[in-house]
Amino acid sequence: MLKIEDLHVHYGGIHAVQGVNITIPRGKIVTLIGANGAGKSSTIRAVAGLCAGSRGRVVYTRRDGGREEQILGMPPENMVRRGISLCPEGRRILPHLTVEENLLLGAYARTDKDGIAEDIRRVYELFPRLEERLWQKGGTLSGGEQQMLAVGRSLMSSPDLVMLDEPSLGLAPLLVKEIFKIIVRINSLGKTVLLVEQNALAALSVAHYGYVLEVGRVVMEMPAQELLHNPKVREAYLGG
């Protein structure tokens, strides 16, 4: 579905991503793990069109016929129309808008009113607390509820590929468990998931395949359960 080939990202003199190669098969959960500053977020931001890749290719196989397309460098709105959505780090909801208004913003590129209504219903099934707070301003929600809203908004463009950037950041342990259960449910709905996460244990527990990034490079890749039991990964990221 998505292939990242020899991706490089620079921020001025900082070489944040250094020749990353990643494959995300359709229908799977793939996770990128690594310490803060490893290049995980820069990688998916480049895919989403939010930062420029200085070299490389991102090849996306569209859902409407299987045609491959090189998408690196396209603007973010083009990614959304191709079926790629990003739930950004830090949630980035609009605090002065209601829950439902925030969700509808995620569907800004759509014109199918019935489909939008159906997807809002599905988001409320995934996150019943959001339906309870339908007319509440986003800024008055708890941190966990805001994260639910950000994930729900990312689903409203009817994406094929959902990219989640640090969805557990700042959440209490019980809410972390809830968010990762939701990620599994999103995948079960037929969505492909690319998950960037510092909580390696939680990420590898739900993913099918994983990549370990260090200082902008992929240093290890294998099925997630194998990474979960790899001695080097356990020592570096899982507390031994």
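The paragraphs below describe a sheet, the helices that pack on it, and one further helix in a predicted model.

The sheet is open and has six strands, in the order β6-β7-β8-β3-β9-β10, and its pairing is mixed. At its edges are β6, residues 84–87, and β10, each of which pairs on one side only. On average, neighbouring strands in this sheet are turned by 15 degrees against each other, with direction ignored. As a general point, the strands of a sheet pair through backbone hydrogen bonds, and the pairing is either parallel or antiparallel.

Both kinds of pairing can be followed here. Strand β3, residues 29–33, runs parallel to strand β8, residues 192–196, and four bridges join them. One of the residues in this pairing is L32, whose bridge partner in β8 is V196. By contrast, strand β9 (residues 209–214) and strand β10 (residues 217–223) run antiparallel and are joined by six bridges. In this pair, Y211 stands opposite E221 of β10. β9 and β10 form a hairpin with two residues between the strands, and there V215 takes a positive phi near 50 degrees.

Next come the helices on the sheet. Helix α7, made of residues 173–188, lies across β3, β7 and β8, and runs at about 150 degrees to β8. Helix α6 packs with α7 at an angle of about 15 degrees, and the two axes are 11 Å apart. Angles under 35 degrees count as roughly parallel, and α6 and α7 are therefore roughly parallel to each other. Their crossing is right-handed.

Which residues make the contact between α6 and α7? From α6 come G144, Q147, M148, V151 and L155, and from α7 come L175, E178, I179 and I186. By type, the residues of this contact of α6 with α7 divide into six nonpolar, two polar and one charged.

The last element is helix α1, which spans residues 40–48. Is α1 mostly covered or mostly uncovered? It is mostly covered, with eight of its nine residues buried. The buried residues of α1 are K40, S41, S42, T43, I44, A46, V47 and A48. After α1 comes G49, which has a positive phi, near 85 degrees.

Key: Residues are numbered from 1 along each chain as its sequence is written. This is a predicted model: local features need pLDDT of at least 70, side-chain atom pairs count only at pLDDT 80 or more; totals for chains, interfaces and linings use all residues. Side-chain values use heavy atoms; hydrogens and water are left out. Two strands pair if DSSP finds at least two bridges between them. Axes are lines fitted to C-alpha atoms, for helices over the stretch in contact, and angles run from 0 to 180 degrees between N-to-C directions. Contact means heavy atoms within 4.5 Å. Angles under 35 degrees count as roughly parallel, over 145 as roughly antiparallel, 65 to 115 as roughly perpendicular and the rest as oblique. A crossing is left-handed if the near helix is turned anticlockwise from the far one by less than a right angle, and right-handed if clockwise. Ala, Val, Leu, Ile, Met, Phe, Trp, Tyr, Cys and Pro count as nonpolar, Asp, Glu, Lys and Arg as charged, and the others, Gly among them, as polar. Buried means under 20% relative accessible area, exposed over 50%, partly exposed in between (1.4 Å probe, protein chains only).
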